[in-house]
Amino acid sequence: SDPGLVERAHAAKARLGDRLFVLGHHYQRDEVIQFADVTGDSFKLARDAAARPEAEYIVFCGVHFMAESADILTSDAQQVILPDLAAGCSMADMATAEQVAEAWDVLTDAGVADVTVPVTYMNSSADIKAFTGRHGGTVCTSSNARRALEWAFAQAGRGGADGKVLFLPDQHLGRNTAVRDLGMSLDDCVVYNPHKPGGGLTADELRRARIILWRGHCSVHGRFSLDSVTEVRERIPGVNVLVHPECRHEVVAAADHVGSTEHIISMLEAAPAGSRWAIGTELNLVRRLAARYAPQGKEIVFLDRTVCFCSTMNRIDLPHLVWALESLADGKVVNRIQVDPETEHFARLALDRMLALP
Ligand code: 13P
Ligand code: SF4
């Protein structure tokens, strides 16, 4: 990275001292992650943001929904900054508040809303988290989806056999968790398509389903296929395939291990020298891990032959970070992410339920 910019970022951080706290998601570029005070998966970063009440400015190197969650979990006096406002998430954009309210009407008309608890993935807007909070549901991340679903089913229909979960917005995380961790069958899952009347489902299909999956997905993880797994197993004998649960069900079913970004890192940390790994997640992280563990004799490759960055995570680059830090050091707050008080109140209910999961 540009040495002049690196020097300016260090200088601006030094001027801000303890008033500043920089959070970095594992998918961030190397040039940015070097300035993070803590790095983590979405769950860890949400907890870490809440654990720094003395920091006046929280600069979030990640995407919009993460910065919103940090704003919700921190005090009103703290200001959360996203260095580039264009750093969104295409998956989070796949569920809007209007669409989700309409879906709830569909469930109500089918007579199943009373026994349904919503669970929303962290990768959703504050509006969707607020909807979830209002209807007695919880947020989850890829590291606690199993516990969140178990909790939600215990609430739904008072734990009876007719209890259901509406899982937003990532159908893959919902399906993978229901099938792999809760032992459900694929027939227990239905997909609600917000672009079709009634979600494209009959009232009878809704009544029979255990888990209603929103038709959302991650475009980055959606690119891994069963062929990627077959091809890497042929190419690298004895390879361990480790993928993120945002991958499609057939990819997860064919993999050896599945987990959040934090889990992926701890598995590689604990892996023996000489072991070989193919990783199905975003490329900035995979490249960093490959470089970190190569000296220890661990061979780490990207699961697919085609390159696959998260383009919105990549929006946060060193020039944007330097601009944000220097502006703050000069007393000018830029790109503040602020959730309105009512949305914040209900979204916080759903986030707090997640933080209280056993
Ligand atoms: P985790 O870091 O929680 O595994 O999530 C991955 C992701 O897609 C964030 O956008
Ligand atoms: Fe969204 Fe996928 Fe990028 Fe994560 S990797 S921020 S889910 S588009």
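## Helices, domains and ligand shells in a predicted model

Helix α6, which spans residues 126-134, is mostly covered, with 8 of its 9 residues buried. The model described here is a predicted one, and the values below were computed from it. The buried residues of α6 are A126, D127, I128, K129, A130, F131, T132 and G133, a list in which D127 and K129 appear alongside I128 and F131. The cover over these buried residues includes the helices α4, α5 (97-109) and α15 (341-355), together with the strands β5 (116-121), β6 (138-140) and β7 (164-168). Just after α6 the backbone reaches G136, which takes a positive phi of about 80 degrees.

### Domains and the contact between domains 1 and 2

The protein chain is divided into three domains: domain 1 is made of 3-89 + 313-340, domain 2 covers 92-217, and domain 3 covers 221-302. Taken over C-alpha atoms, the centres of domain 1 and domain 2 are separated by 31 Å. The contact of these two domains takes 10 residues from domain 1 and 11 residues from domain 2. On the side of domain 1 that touches domain 2, the elements giving two or more residues are α3 (42-50) and α4 (64-73), and α4 gives the most, with 4 residues. By class, that side of domain 1 has 5 nonpolar, 3 polar and 2 charged residues.

### The pair α3 and α4

The two helices named in that contact also meet each other. Two packed helices are described by the angle between their axes and the distance between the axes. The axes of α3 and α4 come within 8 Å and cross at roughly 35 degrees, and α3 passes α4 in a right-handed crossing. Where the helices meet, α3 brings S42, L45, A46, A49 and A50, while α4 brings M66, S69, A70 and L73. By class, this contact has 7 nonpolar, 2 polar and no charged residues.

Within α3, the residues S42, F43, L45, A46 and A49 are buried. An α-helix has 3.6 residues a turn, so residues three or four places apart point the same way. The cover over the buried residues of α3 includes α4 as well as the strands β1 (20-25), β2 (38-40) and β3 (57-61).

### Ligand shells

Ligand 1 is surrounded by H26, D41, S42, F43, C89, N123, T141, S142, C218, E246, S260 and T261. By class, this shell has 3 nonpolar, 7 polar and 2 charged residues. S42 and F43, which belong to this shell, are also among the buried residues of α3.

Around ligand 2 there are 13 residues, of which C89, M91, C218, V220 and C310 come nearest. The residues of this shell divide into 7 nonpolar, 4 polar and 2 charged. C89 and C218 are named around ligand 1 and also in the list of residues that come nearest to ligand 2.

### Individual residues outside the helix contacts

Most residues other than glycine have a negative phi, and most peptide bonds are trans. Two residues with a positive phi are set out below.

| Residue | Phi | Place |
|---|---|---|
| R158 | near 50 degrees | loop between α7 (145-155) and β7 |
| N335 | near 50 degrees | loop between α14 (318-329) and β14 (336-337) |

R158 counts as exposed because it has 9 C-beta neighbours inside 10 Å, whereas N335 counts as partly exposed because it has 19 C-beta neighbours inside 10 Å.

I33, in helix α2 (residues 30-33), counts as partly exposed because 19 C-beta neighbours lie inside 10 Å. Leaving aside residues up to four places away in sequence, I33 touches G24, Q28 and T39. The C-alpha atoms of I33 and T312 are separated by 15 Å, although these residues are 279 residues apart along the chain.

P358 lies in the segment after α15 and is exposed, because it has 6 other C-beta atoms within 10 Å. Between the C-alpha atoms of P358 and S311 there are 34 Å, with the two residues 47 residues apart along the chain.

Key: Residues numbered from 1 in each chain as written. Chains lettered and ligands numbered in written order. Predicted model: local features only at pLDDT ≥ 70, side-chain atom pairs only at ≥ 80, totals over all residues. Domains from an automatic or database assignment. Contact = placed C-beta atoms within 7 Å. Nonpolar A, V, L, I, M, F, W, Y, C, P; charged D, E, K, R; others polar. Near = placed C-beta within 6 Å. Buried ≥ 20, exposed ≤ 12 C-beta atoms within 10 Å, placed from the backbone. Axes fitted to C-alpha atoms, helices over the stretch in contact; angles between N-to-C directions. Left-handed = near helix turned anticlockwise from the far one by under 90°.
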